Amino acid sequence: MKKNILIVLSTSRTTSRAIDFAVDKAKKEGSGLVALYVIDTGLTNEVFDRFTDIGFIGDKPSTRLTEAIMKEYRQRGYEEIGKVQVRAMEENIDFDAVTAQGAFVEKVIEVIESHNVSTAVVVKRKTSGFMKYFSRSVVDELVEKAPCEVVVFEEEE
């Protein structure tokens, strides 16, 4: 079975350097390229919590607001996947696109296992030095748990 390179795209972080790296690695190794766009439900809940904390919305977000945010995330996902697909086509690389909604690490590992991934390429969101002591990055968790090599890029400003 042919190995694949996975580029993980998400609602909060993407970088062209990571996409270029994944495409180049797939071409060099004769691998396929899988683009995974994860709509992280934890991040969605974080948005609602922030809006609630500042008094922008009430205690319970409306169904319409939830649907609007999810629609925006899906639209962004199609755009991000499209960028990767164009690059893969330019290099004549086999391409597959996957969208998933749920816990980031869990969804990425599911795709790694189901698509025979040898290398996963992810982008890590920048955090302040102070916040590093209080929160753990989902990318760090993925590096620990993934059954393959994980190449991490820092988010661009």
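Helices (H or I, at least four residues) and strands (E, at least two) are DSSP runs, numbered from the N terminus. With that in hand, K2 sits in the segment before strand 1. Keep in mind that this is a predicted model.

**Exercise 1. The overall layout**

Work out how many helices and strands the protein has, and in what order they run.

Solution.
- Start with the tally: the secondary structure comes to five helices and five strands.
- Now walk along from the N terminus, and the elements read β-α-β-α-α-β-α-β-α-β.
- Next, check burial: 43% of the 157 residues count as buried.
- Then look at the contacts with a separation of 6 or more: 82% of them are between residues 24 or more positions apart.
- Last, the outside: the accessible surface comes to about 9100 Å², and carbon and sulfur atoms account for 50% of that.

**Exercise 2. The largest nonpolar core**

Find which residues touch the most other members of the largest nonpolar core, and which elements feed it.

Solution.
- This core has 23 residues, and the ones touching the most other members are I7, L9, L33, V84 and V121.
- Two or more residues each come from strand 1 (4-10), helix 1 (16-29), strand 2 (32-40), helix 3 (63-90), strand 4 (117-124) and strand 5 (149-154).
- Helix 3 is the top contributor, giving six residues.
- There's also a second, separate core of 21 residues, with L6, V34, I112 and L142 among them.
- For background, nonpolar side chains tend to be buried together in soluble globular proteins.

Now zoom in on V84. Which residues does V84 contact, leaving aside neighbours within four places in sequence? They are I7, L9, I19, L33, A35 and F95.

**Exercise 3. V121 in strand 4**

Decide whether V121 is buried or exposed, then list what it touches.

Solution.
- Place it: V121 belongs to strand 4.
- Read off its relative accessibility, which is 0%. The cut-off for buried is under 20%, so V121 counts as buried.
- Go through the contacts, skipping residues up to four places away in sequence: V121 touches I5, L6, I7, V8, A18, F21, A22, V151 and F153.
- Pick I5 from that set and compare sequence with space: V121 and I5 are 116 residues apart along the chain, yet their C-alpha atoms are separated by 7.7 Å.

**Exercise 4. K2, N4 and N116**

Trace what K2 and N4 contact, and show where N116 comes in.

Solution.
- Begin with K2. Its relative accessible area is 42%, so K2 is partly exposed.
- Leaving out neighbours within four places in sequence, K2 is in contact with G30, S31, G32, D94 and N116.
- One of these pairs is polar: the K2 side chain meets the D94 side chain at 2.9 Å.
- As for N116, its C-alpha atom is 7.3 Å from that of K2, even though the two positions lie 114 residues apart along the chain.
- Move on to N4, in strand 1. N4 is buried, at 15% relative accessible area.
- The N4 side chain reaches the backbone oxygen of H115 at 2.6 Å.
- With the same sequence neighbours left aside, N4 contacts S31, G32, L33, V34, H115, N116, V117, S118 and T119.

**Exercise 5. Two asparagines with positive phi**

Compare N92 with N116: where does each sit, and is each buried or exposed?

Solution.
- N92 is in the loop between helix 3 and strand 3, and phi there is near 60°, a positive value in a residue other than glycine.
- At 72% relative accessibility, N92 counts as exposed.
- N116 is in the loop between helix 4 and strand 4. Its phi is positive too, about 55°, although N116 is not a glycine.
- Unlike N92, N116 is buried, with a relative accessible area of 18%.

**Exercise 6. Helix 4 and helix 5**

Describe how helix 4 packs on helix 5, and what else the buried residues of helix 4 meet.

Solution.
- Get the geometry: helix 4 (residues 104-114) and helix 5 (residues 138-145) pack at an angle of about 40°, with their axes 9 Å apart. The crossing is right-handed.
- Identify the contact residues: F104, V105, V108 and I109 of helix 4 meet V138, E141, L142 and K145 of helix 5.
- List the buried residues of helix 4: F104, V105, K107, V108, I109, V111 and I112.
- Finish with their partners: besides helix 5, those buried residues pack against strand 1, strand 2, strand 3 (95-102) and strand 4.

Methods
Residues numbered from 1 in each chain as written. Predicted model: local features only at pLDDT ≥ 70, side-chain atom pairs only at ≥ 80, totals over all residues. Heavy atoms only, no water. Core = buried A, V, L, I, M, F, W, Y, C linked by side-chain atoms within 4.5 Å. Buried < 20%, exposed > 50% of the residue type's maximum accessible area, 1.4 Å probe, protein only. Contact = heavy atoms within 4.5 Å. Polar contact = N/O pair within 3.5 Å; in protein donor to acceptor, adjacent residues only side chain to side chain. Areas by Shrake-Rupley, 256 points an atom, 1.4 Å probe, with all protein chains shown as cover. Axes fitted to C-alpha atoms, helices over the stretch in contact; angles between N-to-C directions. Left-handed = near helix turned anticlockwise from the far one by under 90°.
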